[in-house]
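Colleague: Could you walk me through this structure, please? I am new to this and would love to see how you read it.

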Amino acid sequence: MAQEIQATARETGTTLIDVRGLKVHFPIKGGVLNRTVAHVKAVDGVDLFVKRGETLGLVGESGCGKSTTGRAILQLIKPTAGSVKLDGVELTSLDANQTRLKRAEMQMVFQDPYGSLNPRFTIGQTIAEPLENFNRGNKKEIQEQVASLLETVGLNPFFMNRFAHEFSGGQRQRIGIARALALRPSFIVADEPVSALDVSIQAQVLNLLEDLQHNFGLTYLSVAHNLSVVKHISDRVAVMYLGRVAELADSEDLYESPLHPYTQALLSAIPVPDPELELKRKRIILEGDVPSPVNPPPGCNFNPRCWKAQDICREIKPPLEEKSPNHYAACHFPG
Ligand SMILES: Nc1ncnc2c1ncn2[C@@H]1O[C@H](COP(=O)(O)OP(=O)(O)O)[C@@H](O)[C@H]1O
Ligand code: SF4
Ligand SMILES: [Mg+2]
């Protein structure tokens, strides 16, 4: 485990979420006896921390384990191993009731605004449900809170008796956000919150999330599969590859001086606006495919595709370490 992360977190005292060695292995059943024959190592030793009030962008290709990481942090999936602390409280050792109570402090905004809302509920009922579950007032008080939440996300409370299918994608995502906010959480995992929306609507929803962050002092883990999207919304960025964090740094630092070969390859694929720089841009073409999370390579999980790989890379997993101030990379030969 990276000692450096621990030091930073302790020194500043500003860490809200602290994740160490997080693993989620899904069993694969097979054979006539339906025994577990292998595991999908969706998350295989994630280290990261999120500071109070910031947005940490979590990026990586589809299937690298971003959603599973988000769900495991919120304890919506039970981690196979590792530690998740919210404001110093270890979440992985809480019982079901304690976890339920903690849930008020941490919420998820889902990728799919169509699938994540109950079609049989009015939107008023959808937003009221968590408030009722947590006894946050009588009927009238809850009604008032629902109206206020709808206004907060830019929707007219007049529509609270309508059903989700009567709203557009962007409006549904606002409803999902209102529901996530209902219990006044401090931490929100936003799992690709705009990727299912029309491009014209995406900026509005991202701006709303940003306003809410300022107004309510929220801390975000914002998942995306595209580096250029997270750049604008993140204070810091964590790059994931095959179930692990490869690099974690301030956004600008990560974009200007990536230390991990995988991040370098990802960034080299993004066109730069300056025509002169664009001409000089060297694209790094990665060979081969992402290996299966059922059978990740030994040592550094990026070694089969890395042009810098040495013997040590095939044998020893590089821990996520602070290579320059506030810049963490999991690589034996960073830079
Ligand atoms: N419930 C599950 N059972 C088995 N495998 C799963 C399950 N959920 C996700 N996976 C697998 O775990 C890996 C990571 O998935 P996911 O966290 O959804 O990645 P991402 O969000 O980065 O696209 C993928 O290989 C996916 O197929
Ligand atoms: S540890 Fe080795 S294989 Fe892994 S990214 Fe660094 S140089 Fe490449
Ligand atoms: Mg996902």
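Modeller: Happy to! To sort residues, Ala, Val, Leu, Ile, Met, Phe, Trp, Tyr, Cys and Pro count as nonpolar, Asp, Glu, Lys and Arg as charged, and the others, including Gly, as polar. Please keep in mind that this is a predicted model.

Colleague: How do the residues around ligand 1 divide into nonpolar, polar and charged?

Modeller: The shell holds Phe 26, Val 40, Ala 42, Cys 64 and Pro 293, among others. Lys 66 is there too, and Lys counts as charged. Glycines such as Gly 60 and Gly 63 also belong to the shell, and Gly counts as polar. The division is 5 nonpolar, 6 polar and 1 charged.

Colleague: Which element gives the most residues to that shell?

Modeller: Two elements, E2 and H2, each give two or more residues to the shell around ligand 1. Helix H2 covers residues 66-73, and the shell includes Lys 66, Ser 67 and Thr 68. With 3 residues, the top contributor is H2.

Colleague: Which strands are the edges of the open sheet?

Modeller: The sheet has 4 strands in the order E2-E1-E4-E5, with antiparallel pairing. An edge strand pairs on one side only. At one end of the order, E4 and E5 pair over 2 bridges, and Leu 86 stands opposite Val 89 in E5. The edges are E2 and E5.

Colleague: At about what angle does H2 run to E1?

Modeller: Helix H2 lies across E1, E2 and E4. Its direction relative to E1, which spans residues 15-30, is about 115°.

Notes:
Residues are numbered from 1 along each chain as its sequence is written. Chains are lettered from A and ligands numbered from 1 in the order in which they are written. This is a predicted model: local features need pLDDT of at least 70, side-chain atom pairs count only at pLDDT 80 or more; totals for chains, interfaces and linings use all residues. Two strands pair if DSSP finds at least two bridges between them. Two residues are in contact if their C-beta atoms, placed from the backbone, lie within 7 Å. Axes are lines fitted to C-alpha atoms, for helices over the stretch in contact, and angles run from 0 to 180 degrees between N-to-C directions. A residue is near a molecule or strand if its C-beta atom, placed from the backbone, lies within 6 Å of it.
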